[in-house]
Each structure stands twice: as structure tokens, then as C-alpha cells.
Amino acid sequence: MFYSFILFCGLLLALWNIFQGLRRGGTAALILNPGIWFSVFYIIIHLAVASLKYSTSGWRYDYNYSEQNLINAALIGLLGYQFAIIVLNVFTRKVISTGLRKAEYRESSVGTEHIVWLIYSIGIVTMAIGAFYFLRNYGQLDENFLSDRISAGLGQGLSRSLPNFLISSTLIFAYIYLSNKGELRRSRAVAAVLGGLSFVMVVYYYNSINSRNSIFLTVILLGSLYMFMRPAVHILSANFIRKASVAFILAVACWSAFTVMTRERYTFTESSYTLDRLDELETSMIYGAFGNDENIVWMANNTYKKHEGVSYFAALSNFVPRSMWPEKPLGGGPRMKNEIFPGSYVVGAAGNSSFTTGLFAEAWLNFGPWGPLFILPLWALIGLLFASNVARNVYSIKALPWMVTTVLWSTSLVYSEFAGFFARYVFIVTPLFAVGFFGTQRSMRYMEYSGGYSAAQNTAKAG
């Protein structure tokens with residue numbers, strides 16, 4: 001009973017943090033305040049899904065968790081979460097306002113002109129590379145791939161990662177469409193067509209490989225970009241309420257679409273596994289995508305080896321092929337799997353499967369119960385660095401990679417294994433940093449105020 005009470009208190013606290021962030025910064029705070037999306041995913045993973053599993057006994061690893069250890073896990077998660085929010089609240093105003101002042105000074109003396117043809121060139125090349133590997137990989141899809149994606153992907157890390165460029169090109173063209181800059185606004189129709197084509201390929205490809213989280217993530221990135229560049233400043237304004245209503249409708253539509261996609265996939269083949277999944281389709285989808293709070297619960301109830309940060313180092317070694325470094329370290333997912341089911345993940349073996357750790361669980365896996373209490377505040381400081389770079393570059397497409405970085409580190413990282421997340425993050429943002437670096441030039445002109453800047457300024461003033 002006390003476990004449920006802690007989860008309920010955590011829900012009230014997280015909702016309050018979201019409300020305060022939006023009240024101070026409007027919808028632009030979805031990018032300028034990493035704590036908002038972080039709080040949303042904390043609610044989903046560590047409160048809502050955790051509560052659902054507890055109330056229905058929907059545990060995957062064990063069915064005899066101690067009530068006291070459940071309480072301990074919830075308390076440590078709540079403390080780590082709130083420590084991170086405190087760090088964000090203390091420094092957000094100063095970091096963002098400083099970045100905006102620097103941006104205002106630069107823009108008042110030396111403006112930024114976008115090199116439109118170069119931005120489109122990078123966007124089109126990025127889309128072409130992503131589309132090529134989408135078609136290449138799609139031609140190799142079969143039942144073996146869908147049943148054992150780890151084995152099917154061995155030695156194909158690059159080709160399996162490059163379709164992420166489709167997400168990148170979608171975001172590049174979305175930025176052009178939403179920009180208030182005159183040189184970009186003149187080609188909005190072209191950007192809308194190319195961005196729509198990229199997004200359609202994202203949906204088709206990632207649904208085909210049973211990775212609907214990728215579609216979900218793309219929708220979040222597009223929505224955050226729109227909310228920043230078409231901001232509603234006041235939380236009680238008609239504009240804000242209208243945007244919130246549309247966002248809710250889109251969320252419901254996405255959930256319905258993902259349910260239909262999943263049901264269709266499981267009806268293609270008949271087995272005891274697919275029949276079980278169809279019987280509990282909605283809960284299976286939720287647990288599969290956001291059920292990793294149980295990793296924390298399991299560790300609170302069992303003795304295991306602390307991995308002392310090795311899984312984070314694995315993210316850096318991820319870009320070295322295992323054929324060149326056979327002993328390179330495993331990420332948090334395989335390590336978590338071998339802790340719960342010893343010897344179940346063997347490098348190179350067929351039938352391997354992994355558990356998704358998430359930011360909270362991977363911190364605990366590496367450093368024990370103290371892990372979340374210092375890793376999460378460290379995450380908050382990194383998130384502030386990203387948000388400050390958005391503020392400093394708010395006038396140009398240079399802000400795009402930092403916008404995407406801020407959202408990815410506040411959403412996908414919360415429910416992903418760090419090694420897998422980092423590799424994917426690099427592939428998504430590499431074209432964005434290229435377009436930001438090469439896609440602008442300096443020109444002498446007066447300062448222009450965009451909607452994104454005004455909302456960012458409001459966020460900094462309100463703190």
C-alpha cells in the first residue's frame with residue numbers, strides 16, 4: 001500500500017514540475033527545459049507502468065518481490081528524479097538567459113543568412129542515403145530477422161543504422177517549413193513535400209522492422225520542433241489550449257495506429273507466442289516499450305555485480321566492429337539480461353535477446369542504489385548544456401541539432417540502453433550538425449525577432 005502511495009506522490013510532483021515548466025516558458029520550454037519531457041517519461045515508465053504491473057502482478061522476471069524492496073526502489077527513483085529537477089530549476093534561468101544575451105548581441109551586429117541551396121542539398125543527400133538503406137534492408141526482411149534481430153544484424157551495424165538518416169531529413173525539411181526566416185520561407189512548399197516523403201518512409205520502414213518506438217520518437221521530435229518555433233507563451237491562452245488539444249488527439253491517434261500495426265503483424269503467423277500477445281495486445285505493447293522499471297525492482301530485490309560504468313564506455317566502443325575488437329564491452333542491455341538470467345546472452349550466439357535498461361536502471365546497474373542519485377543530476381547538467389546551445393543559436397538552423405539533442409536526451413535516453421541510444425543519436429544528429437555548420441553565413445543586418453526567440457526570452461525571464 002505504501003508503494004502505491006509513493007508512486008502517487010511522485011505523480012503529483014512530476015505533474016507539478018511539468019506545469020511549472022510550461023507556465024514559465026510556454027510550449028518553447030519543451031526544448032529549452034529538459035525537465036519537461038524527462039518528467040513525462042518518468043511518469044510513463046516509473047509511475048504509470050510500474051503501478052500497472054504492481055496492481056495486475058504483471059511482473060516479467062519474478063513474482064515474489066518484497067514490499068519493502070519495492071518501496072526502496074520507488075523512493076530511490078523518486079529522489080534521483082527530483083535531484084535532477086532541482087539542478088535544472090537552479091540553473092535553467094541563468095544558463096538560458098546568458099545564451100540568449102549572447103545570441104542577441106551577435107544578431108544585432110552580425111546577422112545569419114541561410115544558404116538555402118546547401119541546406120536542401122544536405123537534406124536531399126541525407127534522405128537519399130536513408131532511402132537507399134531502407135530499400136536494401138527491407139529486401140532482406142524475413143521471419144528470421146523479425147524473430148532474432150540481434151543475430152540477423154551481426155556485422156551489419158552501419159547498414160542497419162543509416163535508415164536513421166530518414167529521421168534526420170524529416171527534421172531538416174520540417175525546420176525549413178517552420179522557419180520564419182525570409183530566405184527559407186520562400187521554399188516552404190518544397191520542404192513540406194520532401195519532409196512528408198521522408199516521414200512516410202520512416203513510418204513504413206520502422207513499422208516493417210517492428211520498431212514503432214522509432215515512429216513515436218520521430219513524432220515527438222517533430223512536435224517539439226513545432227511547439228518551439230510556433231510557440232504558445234501563456235499556459236491559459238487559447239493558443240496554448242488549442243495546441244495541447246491537438247497534441248492529445250495526435251497522441252490518441254498514434255496509440256490507435258500502433259495498436260492496429262501490432263495486431264496486423266501478429267496475425268501474419270500463428271504460434272503460442274503470437275496468440276498470447278494478441279490476447280493481451282495493449283499491455284504487451286506497453287510493457288515491451290516502457291516496462292523497464294522492473295529492472296530497478298529486480299536489482300532492489302537481488303544480489304548482482306555492479307558494472308562500475310563499463311556499460312557507458314561500451315557506447316564509445318560501439319563504433320568499433322566486434323570483428324576488430326572481439327572483447328569489446330557489452331552495453332547495459334546484455335549485462336542486465338545476464339544478471340537476471342545468467343549466461344542467457346552469449347556474444348555471437350543465435351537467439352540472443354536483450355533487456356532495455358533505461359537511464360534510471362542503467363545508473364543502478366553500474367553503481368548500485370547510489371547510481372541514480374548522482375547520475376541523474378549529472379544528466380541534468382548535460383541537458384542544460386544542450387539547451388544553452390539552443391538559446392545561443394536560436395536565430396539560425398545552427399540550433400536544429402541542439403534542439404534535437406535536447407529532446408532525445410530527455411526522452412529516448414530515459415527508456416533506452418545507453419550504448420544503443422548513443423549510437424543511434426550520433427547517426428540522427430550527424431546530418432543535422434552538418435547542415436547547421438555549413439548551412440549559414442554571416443551578414444551585416446539588424447536583429448530579427450522570431451517566435452522561437454520570443455518564447456525563449458520569456459522562459460529565461462520567468463526562470
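Q: What relative accessible area does A128 have?
A: Bear in mind that this is a predicted model. A128 sits in helix α5, residues 116-138. The cut-offs put anything under 20% as buried and anything over 50% as exposed, and A128 counts as partly exposed because its relative accessible area is 46%.

Q: How far apart in space are A128 and S169, C-alpha to C-alpha?
A: Start from A128, which is in helix α5. Along the sequence, A128 and S169 are separated by 41 residues. In space, the C-alpha to C-alpha distance between A128 and S169 is 9.1 Å.

Q: How many helices does the protein chain have?
A: The protein chain runs to 463 residues, of which 54% count as buried. Its secondary structure includes 2 strands, and the number of helices is 24.

Q: What share of the area exposed by the protein chain comes from carbon and sulfur atoms?
A: Take the total to begin with: the protein chain exposes about 20500 Å². Of that area, carbon and sulfur atoms supply 65%.

Q: Among contacts between residues at least 6 apart in sequence, what percentage join residues at least 24 apart?
A: Here we look at contacts in the protein chain and leave out pairs that are not at least 6 apart in sequence. Of the contacts that remain, the part joining residues at least 24 apart is 79%.

Q: Is S412 buried or exposed?
A: S412 belongs to helix α22, residues 412-415. Leaving aside residues up to four places away in sequence, S412 touches L217, V407 and F421. The relative accessibility of S412 is 7%. Under 20% is the cut-off that applies, so S412 counts as buried.

Q: What is the phi of S57, roughly?
A: Most residues other than glycine have a negative phi. S57 is in the loop between α3 (34-56) and α4 (67-109), and it is partly exposed at 46% relative accessible area. Although S57 is not a glycine, its phi is positive, at about 55 degrees.

Q: Which residue in the loop between α16 and α17 is exposed, with a relative accessible area of 64%?
A: That loop joins α16 (293-301) and α17 (310-317). The residue we want there is not a glycine, yet its phi is positive, near 50 degrees. Exposed takes a relative area over 50%, so a value of 64% makes it exposed, and the residue is E308.

Q: How far apart in space are R101 and R392, C-alpha to C-alpha?
A: R101 lies in helix α4, and at 51% relative accessibility R101 counts as exposed. R101 and R392 are 291 residues apart in sequence. Their C-alpha to C-alpha distance in space is 7.9 Å.

Q: What orientation does α16 have to α18?
A: The axes of α16 and helix α18 (residues 332-340) are 11 Å apart, and the two pack at an angle of about 45 degrees. That angle is neither under 35 nor in the 65 to 115 range, so α16 is, relative to α18, oblique.

Q: Which residues of α18 meet α16?
A: The crossing of α16 and α18 is left-handed. By class, this contact has 4 nonpolar, 1 polar and 1 charged residues. From α16 come N295, W298 and M299, and they meet, in α18, M336, E339 and I340.

Q: Is α17 roughly parallel or roughly antiparallel to α23?
A: The axes of α17 and helix α23 (residues 418-438) come within 8 Å and cross at roughly 30 degrees. Angles under 35 degrees set the class here, so α17 and α23 are roughly parallel.

Q: Which residues of α23 meet α17?
A: α17 passes α23 in a right-handed crossing. The contact has 7 nonpolar, 1 polar and no charged residues. S311, Y312, A314, A315 and L316 are the α17 residues, and in α23 they meet F418, A419 and F422.

Q: How many charged residues are in the contact of α11 with α12?
A: The axes of helix α11 (residues 188-208) and helix α12 (residues 212-229) come within 7 Å and cross at roughly 155 degrees, so α11 is roughly antiparallel to α12. F199, V202, V203, Y206 and N207 of α11 make the contact with R212, S214, I215, T218, V219 and L222 of α12. By class there are 7 nonpolar and 3 polar residues, and the charged count is 1.

Definitions and conventions
Residues numbered from 1 in each chain as written. Predicted model: local features only at pLDDT ≥ 70, side-chain atom pairs only at ≥ 80, totals over all residues. Heavy atoms only, no water. Helix = DSSP H or I, 4+ residues; strand = E, 2+ residues; numbered from the N terminus. Buried < 20%, exposed > 50% of the residue type's maximum accessible area, 1.4 Å probe, protein only. Contact = heavy atoms within 4.5 Å. Areas by Shrake-Rupley, 256 points an atom, 1.4 Å probe, with all protein chains shown as cover. Axes fitted to C-alpha atoms, helices over the stretch in contact; angles between N-to-C directions. Parallel < 35°, antiparallel > 145°, perpendicular 65-115°, else oblique. Left-handed = near helix turned anticlockwise from the far one by under 90°. Nonpolar A, V, L, I, M, F, W, Y, C, P; charged D, E, K, R; others polar.
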